[in-house]
Amino acid sequence: MTQPPVPSGSVYSGPVFEMARAQFQVIADHLEIPADERDRLLYPKRAITVSCPIHTDDGRGAVFHGYRVQHHLTLGPTKGGTRYAPNLEIGEVAALAIWMSWKCALAGLPYGGAKGGIALDPRALSRHELESVSRRYMQEMIPFVGPHTDVMAPDMGTNEQVMAWFMDTYSMHHGRTVTEIVTGKPVDCGGTAGRREATGRGVAHLIGRAFDRLGIAPSGATAIVQGFGNVGSYAAEALAARGVKLVGVSDHTACYYDPRGLDVPALLRHAAAHGVLAGFSNERAADPATLLTQPCDVLVPAAVERVIDADMAARLRCRVLAEAANGPTTPEADLVLAGRPEIFVIPDILCNSGGVIVSYFEWVQDLQQFFWDETEVTNRLYRLLDRAFGQVMARVTAERVAHRTAAMAIGVEKVRAAKNLRGLFP
Ligand code: NAD
């Protein structure tokens, strides 16, 4: 894989951005996109960096650095999550924004991709400090976001409460309540039923589709889930509801493995009470370095990027790799997986798209002030996921390509078609 150089003056760098670039290169080659069109499709339209000063609880001050990257504005407003992580960099944020674009296009949503975040460890701040920095971040972003410009959502390290603070800050500035500025809000202030569970539920639904194709009965099938936050915990719960046995689970504090099956409701109660998995069980403690290579029917990475490299890909012992996290598999691992057709990959831009699909439903309901019940939300979610899954599988069959190539090709093609129809302004 030979990568063209990053254009001079670009602010984007780092391993995650390089990964998004390498993946795009594969698709651009597959679609035979002319060289002069590629940068226009790949490089973000806008990147905003802000400094967020706050008063800390000890009476001193601190400054946190925040980012927002808006990838393209061709199909509508941009849409994407907000990540709080200690080592967050603009290249990582840009990569996540780019993946959001292909994801939204694949799902048929009228959005470009965006992503944002603040370089901080949310666990190291008090609630008051977290509220201060969240409000300051939104305040700094007000000139650049809006319900028809760029709509924020939660991601790693943020949650419904942070979205409520964002919405309140934006609303105070505008002098009226603007619920449609963020999604993933609490239901009690304009959120939608089913958004909290949507990403994990969608992951489990698509695993069911993969099992159908492979002839695996969910009841008694085994799963390993890495990451037990919003996505991992609801995916585990939804899999357990389908009869799938969770044999391994981890978060950044602990790792457990038991081939007889772990008690999912007890894990959920423990995580709700303590915020982390640490302290759940001494006898089931396992080595996180070997968790992903234990045998299972479905492996669900639901934590951070780049956990499956080429070496790990060669050692996987799952039948389905369900990429609930964004970017868990490196391009080098993809080359290894190309030689392992016995592993059915549900690529991230399909696998975790339930989150942005229900965020879209939340935005539509907020704009109309007309709310649906949870059954309607979930049924509509499954319908859109089934459509995208069907399109990806049809493309895999027609072009004999990897699942990721098929999914990304559909997304990139839609964005490219819209750009070419609209033309270049001025
Ligand atoms: P979260 O902050 O709620 O949870 C993250 C989890 O990952 C935590 O349990 C944390 O302990 C764990 N973790 C972190 N580092 C780890 C490590 N090295 N090993 C094992 N576990 C580790 O975040 P989330 O919202 O669940 O997001 C998880 C992933 O899913 C991210 O890649 C995110 O971009 C993606 N995603 C989230 C949504 C959403 O709706 N929240 C939607 C689409 C994609």
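## The six-stranded sheet

Let's start with an open, mixed sheet of six strands, which in this predicted model follow the order E8-E7-E6-E9-E10-E11. At its edges stand strand E8 (255-257) and strand E11 (344-346); each has a single partner strand, so one side of each is left without a neighbour in the sheet. On average, neighbouring strands here are turned by 20° against each other, direction ignored.

Within this sheet, strand E9 (residues 296-301) pairs with strand E10 (residues 318-322) in the parallel sense, over three bridges. If you want a spot to look at, find Val298: its bridge partner in E10 is Val320. Helix H6 (residues 195-214) lies across E9, E10 and E11, and runs at about 155° to E11.

## The five-stranded sheet

Another open sheet is built from five strands in the order E1-E2-E4-E3-E5, again with mixed pairing. Strand E1 (46-55) and E5 take the edge positions, and because each has a single partner strand, one side of each is left without a neighbour in the sheet. The twist from one strand to the next averages 25°.

The antiparallel part of the pairing includes E1 and strand E2 (residues 61-70), which are joined over ten bridges. There, Pro53 stands opposite Val63 in E2.

## Strand E3 and its partners

How much of strand E3 is buried? E3 (residues 78-85) is mostly covered, with eight of its eight residues buried. Strand E4 (residues 112-119) runs parallel to E3 and is joined to E3 by six bridges; Arg83 stands opposite Gly117 in E4. To get from E3 to E4, the chain passes through helix H3 (residues 90-107), and this β-α-β crossover is right-handed.

Strand E5 (residues 150-154) is also parallel to E3, with five bridges between the two. On this side, Lys79 stands opposite Val151 in E5. As a general reminder, strands of a sheet pair through backbone hydrogen bonds, either parallel or antiparallel.

## Helices on the five-stranded sheet

Which strands does H3 lie across? The helix lies across E1, E2, E3 and E4, and runs at about 150° to E4. Helix H4 (residues 127-141) packs on the sheet as well, touching E1, E2, E3, E4 and E5. The direction of H4 makes about 140° with that of E1.

Terms used:
Residues are numbered from 1 along each chain as its sequence is written. This is a predicted model: local features need pLDDT of at least 70, side-chain atom pairs count only at pLDDT 80 or more; totals for chains, interfaces and linings use all residues. Side-chain values use heavy atoms; hydrogens and water are left out. Buried means under 20% relative accessible area, exposed over 50%, partly exposed in between (1.4 Å probe, protein chains only). Helices (H or I, at least four residues) and strands (E, at least two) are DSSP runs, numbered from the N terminus. Two strands pair if DSSP finds at least two bridges between them. A crossover is right-handed if, with the strands pointing away from the viewer, the path from the first strand over the helix to the second runs clockwise. Axes are lines fitted to C-alpha atoms, for helices over the stretch in contact, and angles run from 0 to 180 degrees between N-to-C directions. Contact means heavy atoms within 4.5 Å.
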